[in-house]
Amino acid sequence: ELVIDYYDDEAEPARAQSIAAGISKRADYLAVLGPITSACRDAVSPLLEDAGVPLLYATDYEGGDCGPSRFFFNSVPNQVTIPLVNHLLDQFEGGTFLLGADYVWPRRMFESCQRIIASRNRQMSGERYIPLRGLSDYSPVIDEIRESEAKILIQALPGQESEQFVAAARGADLFPDISVGILGSVSLYTKSIRAIAGIQAFGCSPFLQTERSPAAMNFVMKARRFAPYGVSISAYAATHCNALKAMARACMALQDVSRKAVISGLAGLEYETPTGKLQIDAATHHTSLKMHLAKIGAEGANILGPPELIYPDRACTVGGVAASARAGAELSRALHI
């Protein structure tokens, strides 16, 4: 029997570290699933690594974090930007403006975007970062985007900041002249965009609840039984479920339910998910993903063509960890038997 205990780190790395210290001292905890963002992951990783506790990280992030007992089930920058940016450049002429919140994830995402834009010999019209908690007045940012004469806007703004910016830009009538690429959750960060008639907006995700394959539809149906009414079944639901499935598969393959079995069994593992078979790279412990490109409209995400299998960049290996300053985090899940 698998029991899930929930711990709220309140977006505070120090609190996350304190929780991880307690988990590390208990032999009955099999693994940790979480937390949500990178600051708390960085805070807990060394403690869990030293204690041999597997960390299953299922949030999309900036990449570059590897360790012997760390495993990653969501996207890193290249897996999102390759399909999305290339599609935008294929479909629309003109320059590209990058708008992100001022922390590491948008900056790493935009580095990947810029490499693709440069490789296509296309113009960069501008780049702007705003405070993580948003702005009280977005009009200077909107004016800067308009004056750049960009025809493509790629935004990396978390949920609330995305909603605030899009509402302000809609009021300023920005979108008839510019197409939009959304980095981040297509299900969670696009509510305001879906309300704009005729907007050309696109996103890319390892899972979309509008996927029509039998396995994906079955997953959405099961998830809806437990979700509050009206809540989207997002990629986060799918990737966290995938992490649990992979952990169980690793233990079953070795006929051993232990931390060592999880760590040994996950490296290089192929396993079935709602989007088909995926594989955890043995060198980096990051996951190949079938990325769905979608146009965002009033009814949600309209998937454009079959998914593209994209392997994660090998920015690091399990023998070394790339460290950087990071911000935020919310919730960790500790798993025990």
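## Helix 6

Let's start with helix 6, which runs over residues 159-171 and so has 13 residues. From its first C-alpha to its last it reaches 18 Å, close to the 18 Å expected at 1.5 Å a residue. Keep in mind as you look around that this is a predicted model.

Which residues of helix 6 are buried? They are Gly 159, Glu 161, Ser 162, Glu 163, Phe 165, Val 166 and Ala 169. The buried residues of this helix pack against strand 5 (96-101) and strand 7 (152-156), and also against helix 5 (139-148) and helix 7 (191-194). After helix 6 comes Asp 173, with a positive phi near 60 degrees.

## The second largest pocket

Next up is a pocket, the second largest, with about 190 Å³ of space in it. It is lined by 15 residues, and the closest to its centre are Glu 62, Gly 63, Pro 77, Asp 313 and Ala 315.

Where does the lining come from? Helix 3 (77-91) and helix 4 (104-119) each supply at least two residues, and helix 4 gives the largest share, with four residues. As for chemistry, the lining of this pocket divides into five nonpolar, five polar and five charged residues.

## Salt bridges

Now for the charged pairs. Side chains of opposite charge can pair when their charged atoms come close. How many salt bridges does the structure hold? There are twelve.

Take Arg 41 and Asp 42: their closest N and O atoms are 3.5 Å apart in a salt bridge. Arg 41 has 0% relative accessibility, which is under 20%, so Arg 41 counts as buried. Asp 42 has a relative accessible area of 25%, and because that value falls between 20% and 50%, Asp 42 is partly exposed.

Arg 70 and Asp 65 also meet through their side chains, at 2.6 Å from N to O. Buried or exposed? Both Arg 70 and Asp 65 are buried. A further salt bridge joins Glu 270 and Lys 277, at 4.0 Å from N to O. Here Glu 270 is partly exposed at 38% relative accessibility, and Lys 277 is partly exposed too, at 45%.

## A linked network

Some of these residues belong to a wider group. A network of salt bridges links Arg 41, Asp 42, Glu 49, Glu 62, Asp 65 and Arg 70. You have already met Glu 62, which is among the residues closest to the centre of the second largest pocket.

How values were computed: Residues numbered from 1 in each chain as written. Predicted model: local features only at pLDDT ≥ 70, side-chain atom pairs only at ≥ 80, totals over all residues. Heavy atoms only, no water. Expected span 1.5 Å × (residues − 1). Buried < 20%, exposed > 50% of the residue type's maximum accessible area, 1.4 Å probe, protein only. Contact = heavy atoms within 4.5 Å. 1 Å grid on protein atoms, 1.4 Å probe; cavity = no way out; pocket = protein on both sides within 12 Å on 5 of 7 lines; lining within 4 Å. Points joined across faces, edges and corners; volume = space filled by probe spheres on them. Nonpolar A, V, L, I, M, F, W, Y, C, P; charged D, E, K, R; others polar.
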